[in-house]
Amino acid sequence: MTTFRTKDIINPSYPLLEANRKAIEAIRRETYSYGTLEEQKLDVYYPPTDLSGVVLPVLVFFYGGGFTSGSRSSPPSNLVYNNLGAFFASRGVLTVIPDYRLVPSIKFPEGGEDVQEAIKWAAQRFSVDSARLFVMGHSAGGVHLATVLLKPVLFAPVAHAIRGVVLMGVPAAIPQGRPGFSTDAVQYYGSVKAMVRDHPLGLLRCVDGDHVKGLPPLRALRAGSEPRYIRTSMRTFVEVYSGKGGMVEEMELEGHDHLSPVLALYTGSGEEWGVQLVDWMMSVVHQSLTEA
């Protein structure tokens, strides 16, 4: 049962996050480069207790921003995405939040290439094997992550490392005619025809079924009040993915809109989905170690 007020969570002044600023900023955060370009930087959030010798999940999160905006620590408050990193780290999940190049400076599939490079960096930096690395993408970040999963040439170099995937609020089929977003997407893909071919649902329809069967387990998270084009395209994506033999679990985040799941973390309000995700990652890691 929903017991939170979405409008309080998404209030642009972020009062719920401000109330927890001290706790969020207390989590150790370090910045690294995963490539040679200025945009190819990431923040790592470390669990606060000494867990040496303990095998921890590693989560790499790719934020959204409509292809043209976004930052791993969003100004002016520098609480958005910091809250996500701190939330998961405080629960024992080492969390990595990369920046990536944005439109108009990139063309398809360069967003996916940055995502792939960040995943490779995390796997190498933390000596991660396939038992404990998870990747999550929200909105446009999820589009780039889906590109990596569904283009075999991009997936192959990271296939050994990824244990689980989360796509949240992802426009699996990018609509035409939406002011701003559609125009920016066409600029990224190069043309309307290319966009339809190469957006996540287009890639999924074309990729071989054996490739999909070999992908890690997928969780498809959809807010209860997502925009219709996201809601319907994610449902279709899940149907096609499952039909090709992929392991997928669909979840609806009741009471949330497109933005509020991420903004809810570390507010104490509407963050149940994050707790459930931690439980899932911990259980997968434990099962993998038990079977080893």
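## Overall architecture

Helices and strands are named here as DSSP runs, a helix having at least four residues of type H or I and a strand at least two of type E, with numbering from the N terminus. The structure described is a predicted model. On that basis, the protein contains 14 helices and eight strands.

The C-alpha atoms occupy a box of roughly 50 × 45 × 45 Å along the principal axes. The radius of gyration is 18 Å, which agrees with the value near 19 Å that a compact globule of 292 residues would have. Among contacts with a separation of 6 or more, 77% join residues 24 or more positions apart in the sequence.

## Surface and charge

Of the 292 residues, 57% count as buried. The accessible surface amounts to about 12200 Å², and carbon and sulfur atoms contribute 52% of this area.

The protein carries 27 positive and 29 negative side chains. The centres of these two sets are 3 Å apart.

## Helix α5

Helix α5 covers residues 110–125. At 1.5 Å a residue, its 16 residues should span 22 Å, and the distance of 22 Å between its end C-alpha atoms agrees with this. Buried residues of α5 include G111, G112, D114, V115 and Q116. Further along the helix, A118, I119, W121, A122 and A123 are also buried.

The helix is followed by S127, which has a positive phi near 50°. On the other side, the loop between β4 (94–98) and α5 holds P104. The peptide bond from V103 to P104 is cis, with omega near 15°.

## The loop between β3 and α4

Strand β3 comprises residues 58–62 and helix α4 residues 82–90, and P76 is found in the loop between them. The peptide bond that leads from P75 to P76 is cis, with omega near 0°.

F67 lies in this loop between β3 and α4 as well. Its phi is positive, near 75°, although F67 is a residue other than glycine. As a general background, most residues other than glycine have a negative phi, and most peptide bonds are trans. F67 has a relative accessible area of 2% and is therefore buried, the limit for that class being under 20%.

## Two buried residues and their contacts

Y229 is found in helix α12, residues 228–243. With a relative accessible area of 19%, Y229 is buried. Beyond its neighbours within four places in sequence, Y229 is in contact with P171, A173, P175, R178 and F181. By comparison of positions, Y229 and D8 are 221 residues apart in sequence, and their C-alpha atoms are 25 Å apart in space.

P216 occupies the loop between α11 (209–213) and β7 (218–225). Its relative accessible area is 9%, and P216 is therefore buried. Leaving out residues up to four places away in sequence, P216 touches F155, I162, R163, G164, V165, Y241 and M247. The C-alpha atoms of P216 and F134 are separated by 9.4 Å, with their positions 82 residues apart along the chain.

## The loop between α13 and α14

Y266 is placed in the loop between α13 (260–264) and α14 (272–291). Y266 is not a glycine, yet its phi is positive, at about 70°. The residue is also buried, because its relative accessible area is 18%.

Definitions and conventions
Residues are numbered from 1 along each chain as its sequence is written. This is a predicted model: local features need pLDDT of at least 70, side-chain atom pairs count only at pLDDT 80 or more; totals for chains, interfaces and linings use all residues. Side-chain values use heavy atoms; hydrogens and water are left out. The radius of gyration is taken over C-alpha atoms; the globule rule is 2.2 Å times the number of residues to the power 0.38. Buried means under 20% relative accessible area, exposed over 50%, partly exposed in between (1.4 Å probe, protein chains only). Contact means heavy atoms within 4.5 Å. Accessible areas come from the Shrake-Rupley method with a 1.4 Å probe; for residues, only the protein chains shown count as cover. Lys and Arg count as positive and Asp and Glu as negative; His and the chain ends are not counted. The place of a charge is taken as NZ of Lys, CZ of Arg, CG of Asp or CD of Glu. The expected span of a helix is 1.5 Å times one less than its number of residues.
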